[in-house]
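Reader: I should like to look closely at one part of this structure, the largest pocket. Which residues line the largest pocket and lie nearest its centre?

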Amino acid sequence: MTPIRIQGATLRYLGDSSAIFSGLEVTFEPATWTAILGPSGCGKSTLLRYIAGLLTDKVEFSATEFSPPLDVLAGQVAYMAQQDLLLPWLSVLDNVCLASRLNGKKVDVQTHQKALSLLKKVGLADKAASNPNDLSGGQRQRVALARTLMQDKSVVLMDEPFSALDAVTRYKLQALAANLLKDKTVLLITHDPQEALRLGEQILVMNGKPARLHSIAPPKQGIPRDIDGEFAAIQQSILEHLAGSHAKKLDVAELQGGSNDATR
Ligand code: ADP
Ligand code: MG
C-alpha cells in the first residue's frame, strides 16, 4: 500500500466564484486512521467525495501532486456515510452483499458465507434474515460497517459515521471499527473532538475560506484510546482551534458580542 499524497490542491465547484480549499497539503499514510474536524460547511465532505471519485464532473480541481491518480485511488475506496443507506427491501445479509450485486457479480454461496462471517464479526449473525427497518440505529451502522468490510478496499472513507448514535453505542462502535479497520487507510470526518482523539493517528482541523488543514499532534496511546490527562489537554486545544481562537484565550465578552453591538 502506498500513501495518498495531495499537494497544492485547489477545488472549486463549477459555477462558483470562490474555491472551497486552496493550497491544501495532506498525506494519508497506509493503514493509518486520520480524523478530520472542522466547522460545518468548510469542505470536509467535499474533500472526501472528491477522493472517492464522486465529484469529477462537478468541480474544477488542480494539484501539484495527487497520488495515486484519482482513477486508481477511486477503485481502492469504500465509502461509509452518516446515513447507513441500507435498502429496506433487502434483508440484512443482502444489504451486506450489495456491492457484489451492484458490480453485476453473482451472489454465490461463498459471497453469502463471507457476508455471514462479517455479520458475525459485528455481532449480528442472528439478524442476517431481518429487515433493516427492524434494527436499532447502532445495529444498522454495524450492518453498514460489515458492508464496508465486504468491499475489501484498502481505503475507507467515513463521513460522520457515528454521529447519529447515542454516546454508549457510539463508544462501542468506535472500538469495533478501530479493531476491524486497523489495517485500512481510514479517513474519518467527525464533528466530535473526543471521537477524533479516540481514533485519530493523524488529527486534522479544516478551517477558513478557502479552507486549509491544520495538524494537531495526537496522544501517544494506540487507538481506540481511553480518556486521560493528555487526551483532555489536546481536546481543549482542538476546541480552541475549531473556535478559531488558538492564538488567544477564548474571550467570553467577544462571544456575547451580538448583544454588546446593540448598546454601542
Ligand atoms: P462540510 O462537510 O465540511 O460540512 P461540505 O463539503 O459539505 O462541507 O460543503 C462545503 C461547501 O461546499 C458548502 O458551502 C456547500 O454549500 C458547498 N457545496 C457542497 N456541495 C456542493 C455542490 N454539489 N455544488 C456546489 N456547492 C456545494
Ligand atoms: Mg459534511
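Author: In this predicted model, 30 residues line the largest pocket, and those nearest its centre are Leu-98, Ala-99, Leu-102, Arg-147 and Gln-151. The space within this pocket is about 720 Å³. By character, the lining comprises 15 nonpolar residues, eight polar ones and seven charged ones. Several elements of the chain contribute to this lining: at least two residues come from each of strand E6 (77–81), helix H4 (98–102), helix H5 (109–121) and helix H6 (137–150). As for how such spaces are found, a probe the size of a water molecule, rolled over the atoms, reveals where empty space is left.

The wider setting may now be described. According to the unreviewed UniProt entry, residues 4–233 carry the annotation "domain: ABC transporter". Over residues 4–233, helix accounts for 33% of the chain and strand for 24%, while the end C-alpha atoms lie 30 Å apart.

Strand E1 (residues 4–13) deserves attention as well, for the pairings that it makes. With strand E2 (residues 21–28), E1 runs antiparallel and is joined by five bridges; here Ala-9 has Leu-24 of E2 as its bridge partner. E1 is also antiparallel to strand E5 (residues 65–67), with three bridges between them, and Ile-6 stands opposite Phe-66 in E5. Four bridges link E1 to strand E4 (residues 59–62), again in the antiparallel sense, and there Thr-10 is opposite Ser-62. In a regular strand, side chains alternate between the two faces of the sheet.

Note on methods:
Residues numbered from 1 in each chain as written. Chains lettered and ligands numbered in written order. Predicted model: local features only at pLDDT ≥ 70, side-chain atom pairs only at ≥ 80, totals over all residues. Heavy atoms only, no water. 1 Å grid on protein atoms, 1.4 Å probe; cavity = no way out; pocket = protein on both sides within 12 Å on 5 of 7 lines; lining within 4 Å. Points joined across faces, edges and corners; volume = space filled by probe spheres on them. Nonpolar A, V, L, I, M, F, W, Y, C, P; charged D, E, K, R; others polar. UniProt positions renumbered as here; feature names shortened; annotations may be inferred. Pairing = 2+ DSSP bridges.
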